[in-house]
Amino acid sequence: MTRNLILGTLLTAFLVGAALLSFVWTPYPTDTVAIAERLQPPSASHWLGTDHFGRDMLSLVMVGARTSIAVALVAVGIGLGLGVPLGLAAAARSGGWLDEAIMRMNDLIFAFPSLVIAILITAIFGPGATNAIIAIGIFNIPVFARLSRGAALSLWRRDFILAARTAGKSAPRISAEHILPNIANLLIVQGTIQFSLGILAEAGLSYVGLGAQPPIPSWGRMLADAQTMVALAPHVAIIPGLAIVLSVLGLNLLGDGLRDRLDPRLGAVRR
Amino acid sequence: MLAYALKRLLILAISLAIASLVIFLVVEVAPGDPASFMLGINARPDTVAALRAELGLDLPVHERYLAWVSGMVQGDFGTSYTYRAPVAQMVAERVQVSLPLALYALLLSTLIAFPAGIFAAARRGRAGDMAVMGATQLGVAVPNFWFAMLLVLLFALKLRWFSAGGFPGWEEPLQGLKALTLPAVALALPQAAILARVMRSALIDILHEDFIRTARAKGLSRRQALWRHGVRNALIPVLTIIGLQFSFLLAGAIIIEQVFFLPGLGRLIFQAITQRDLIVVESVVMLLVFAVIVVTFLTDLAYAAVDPRLRHRR
């Protein structure tokens, strides 16, 4: 195992572990206000201090991880679920009108500044986690479509695919049975990268008030709340940001590590 | 080259047409009638109807779309529902903040990324390279708005070198530039990290090329070959990324403007959204998309001008 993979796995496991643990246990409840204990710096009783409502920051960060993971994961799911079939279909009919239409549509989505459109969608249809997921998910579709099309195209020229075609298998069946398993590694690696980008995007949308709404804790929202208090209690601004950085860093390292491990050829020529 | 440019131009036109249609339709299905919103819940139905007619909201959808698009082409972005001012004028005021901010950030990002990428490529696999790569790994993981808050904490609240937000205008250019410095640094950092990585890998790719070996065989040192032949050729992929980054920076500016209370396009969009001033929302979003599509188009052209092989590739 490379250093990247180990560090990435540890950080990601930490993130997912904290989120899962928060379902059954947090040090303090996140929905009760204790004004007397507001804005306390980290201490033995509150490891990461308290926020402006006196809520325990560690508990909030743990529950916030849930929001980040949920939004980013479903957004990746949308990209995989719609993008991969589109990419596979385009590759199977390479050069045809379907291929052309799918790829031009992808170009168009790529041309849009994703953040602006995400803001437009959440602004028009109302802020909230669901609309944030849709807004982020839409931009994952072309990423996966392009990736799977490119990878599938080179596979279609291989002998074992020719054999499958000679055996009378249909294009959709070949795509599902032979192409998909062979591009799975690539999809996993890209999935981790998009997952980390999703966490960043969710944080950005929540920060401007268009992501998950109170009382659901989210890291971006915590940062927005912290903005006016940063001079009084820097920890309320530093901690949620660190949580984002460590999660994104962990997923990126995991993606890099997986790429090296799942595709040894890449590792060899990687510079 | 002309055929290539014309083809790209056609794609540009189609992209713009579809983009405008999508933006218009998204705003069209938005819940909430601007006229009722402007007049409040106690407004009489006939007053609302009169205002709807005045704003042109009673026209059929396709007529409104055509009116909007043809207006934009002529530089008329419509009239803001809430401010009763021409949207074009409001946009023009705000662009004076957002555009310099994006360009400033682009400049900073390039100034940081080039030396970092070249340094890392020249010391590939050694401690210096590892340090730069580690820093870029961290750079791409940092949300720019959080980095902005940390900058405010350190440089505005603790050291008091900069103000924590606001914009004094361009009457005194230096003061204006100073107010945009922290926001530009915050915007530039993650982009610099990406650009440094691209610069490094492009350079490393090129250092394996035959012409570099030839240059070395002619007696150039590694460093001379890197500077005279490597960097110039690595600029081609780097140029594309810089073009792409402009759109990230313009869009990213929307969030950063919130952190620093800058009166730019981002603030305008958010204000318009909360006031259901949809004509402002759709015009500003269209303008941003237009800027991005045009920059992508120009990048493609520049790329093709530099690398003739591209013109013939599909």
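**Surface patches and helical make-up of chains A and B**

Leu20(A) is exposed, its relative accessible area being 53%. This leucine belongs to helix 1 (residues 3-24) of chain A. The structure is a predicted model. In chain B, 13 helices and zero strands are present.

**Nonpolar patch on chain A**
- Leu20(A) contributes to a nonpolar surface patch together with Val16(A), Leu21(A), Phe23(A), Val24(A) and Trp25(A).
- The accessible area of these residues together comes to about 640 Å².

**Positive patch on chain B**
- Four arginines, Arg124(B), Arg126(B), Arg216(B) and Arg222(B), make up a positive patch on the surface.
- Arg126(B) lies in the loop that runs between helix 5 (87-122) and helix 6 (127-141) of chain B.
- Arg126(B) counts as exposed because its relative accessibility is 53%, and the cut-off for exposed is over 50%.

**Overall build of chain B**
- Every element of chain B, read from the N terminus on, is an α element.
- The C-alpha trace of chain B spans about 85 × 55 × 35 Å along its principal axes.
- Chain B has 314 residues, of which 48% count as buried.

**Helix 1 of chain B**
- Helix 1 of chain B covers residues 2-28, 27 residues in total.
- From its first C-alpha to its last, helix 1 of chain B reaches 38 Å, which is close to the 39 Å expected at 1.5 Å a residue.
- Buried residues of helix 1 of chain B include the aromatic Tyr4(B) and Phe24(B), as well as Leu12(B), Leu16(B) and Ile23(B).
- Ser15(B) and Ser20(B) are also among the buried residues of this helix.

Definitions and conventions:
Residues are numbered from 1 along each chain as its sequence is written. Chains are lettered from A and ligands numbered from 1 in the order in which they are written. This is a predicted model: local features need pLDDT of at least 70, side-chain atom pairs count only at pLDDT 80 or more; totals for chains, interfaces and linings use all residues. Side-chain values use heavy atoms; hydrogens and water are left out. Patches are made of residues with over 30% relative accessible area and no salt bridge: like charges are joined within 9 Å, nonpolar side chains (Val, Leu, Ile, Met, Phe, Trp, Tyr) within 5 Å. Accessible areas come from the Shrake-Rupley method with a 1.4 Å probe; for residues, only the protein chains shown count as cover. A salt bridge is a side-chain nitrogen of Lys or Arg within 4 Å of a carboxyl oxygen of Asp or Glu. Lys and Arg count as positive and Asp and Glu as negative; His and the chain ends are not counted. The place of a charge is taken as NZ of Lys, CZ of Arg, CG of Asp or CD of Glu. Helices (H or I, at least four residues) and strands (E, at least two) are DSSP runs, numbered from the N terminus. Buried means under 20% relative accessible area, exposed over 50%, partly exposed in between (1.4 Å probe, protein chains only). The expected span of a helix is 1.5 Å times one less than its number of residues.
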